[in-house]
Amino acid sequence: MGGGPGELPEQYRLADPMAALPLAAPVLCAHSRADGNVPFRYSERYVQAATGAGGNAYLYETSGDHFTLIDPGSPDWQAVTSALPGLLDEGECEGQGECEGDGDGSGP
């Protein structure tokens, strides 16, 4: 980013998804516990904060790793793309048995 938070506080604030809560749009956090790049608890905390702020956020636990979400041949990609119509049309996580959340982060 060209500097640390002390040097670029506005840029870091804009890059922080927690600083944008609550969002007007529903959010689906798709994450794997096997993700070696980003801890699963980050998505858990985000969904908890988003729903606590009055937003609709859902956590979908994937079975792959950090990169399966961007692999069109993976089941994780298919699960996320199949959730999009429900998020766009109704603001809900339709058709995802493993998708946690009814707007309060607790479950479908």
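This short talk goes through the fold, the salt bridges, one buried aspartate and the internal cavity of a predicted model.

I start with the fold. The protein has three helices and three strands. Along the sequence they come in the order α-β-α-β-α-β. There are 108 residues, and 33% of them are buried.

Next, the charged pairs. How many salt bridges does a search of the whole structure find? The number is three.

I take the pair in the helix before the other two. R13 is bridged to E10, with 2.6 Å between the closest N and O atoms. Both residues sit in helix α1, and because they are three residues apart there, about one helical turn separates them. R13 is partly exposed, since its relative accessibility is 41%. E10 has a relative accessibility of 40%, so E10 is partly exposed as well.

The other two bridges share R33. One of them goes to E44, where the closest N and O atoms are 3.9 Å apart. That pair connects distant parts of the chain, with R33 in the loop between β1 and α2, E44 in helix α2, and 11 residues from one to the other. For those who set a stricter distance, the cut-off used here is 4 Å, and the R33–E44 pair comes in at 3.9 Å.

The second partner of R33 is E61, and here the closest N and O atoms are 3.0 Å apart. This pair too links distant parts of the chain: R33 is in the loop between β1 and α2, E61 is in strand β2, which covers residues 57–62, and they are 28 residues apart. Taken together, R33, E44 and E61 form a network of salt bridges.

Where does this network stand with respect to solvent? R33 has a relative accessible area of 54%, which means that it is exposed. E44 is partly exposed, at 34%. E61 is also partly exposed, with a relative accessibility of 32%.

Now to a charged residue without such a partner. D35 lies in the loop between β1 and α2. Is D35 buried or exposed? D35 is buried, and it has no salt bridge. The nearest side chain of opposite charge belongs to R41, and it is 11 Å away. As a general point, side chains of opposite charge can pair when their charged atoms come close.

What does the side chain of D35 contact instead? There is a polar contact with the side chain of H31, at 3.4 Å. The D35 side chain also reaches the backbone nitrogen of N37, at 2.7 Å.

The last topic is empty space inside the model. One cavity of 30 Å³ or more is counted. The largest cavity holds about 40 Å³ of space. Which residues line it? They are L21, P22, L23, A25, V27, Y46, A50, G55, N56 and A57. Sorted by class, eight of the lining residues are nonpolar, two are polar and none is charged.

One of those lining residues, A50, brings in a further alanine, A20. In sequence A20 and A50 are 30 residues apart, while their C-alpha atoms are 9.2 Å apart in space. A20 belongs to the loop that runs between α1, residues 9–15, and β1, residues 27–32. Its relative accessibility is 40%, so A20 counts as partly exposed.

Methods
Residues numbered from 1 in each chain as written. Predicted model: local features only at pLDDT ≥ 70, side-chain atom pairs only at ≥ 80, totals over all residues. Heavy atoms only, no water. Helix = DSSP H or I, 4+ residues; strand = E, 2+ residues; numbered from the N terminus. Buried < 20%, exposed > 50% of the residue type's maximum accessible area, 1.4 Å probe, protein only. Lys, Arg positive; Asp, Glu negative; His and termini not counted. Polar contact = N/O pair within 3.5 Å; in protein donor to acceptor, adjacent residues only side chain to side chain. 1 Å grid on protein atoms, 1.4 Å probe; cavity = no way out; pocket = protein on both sides within 12 Å on 5 of 7 lines; lining within 4 Å. Points joined across faces, edges and corners; volume = space filled by probe spheres on them. Nonpolar A, V, L, I, M, F, W, Y, C, P; charged D, E, K, R; others polar.
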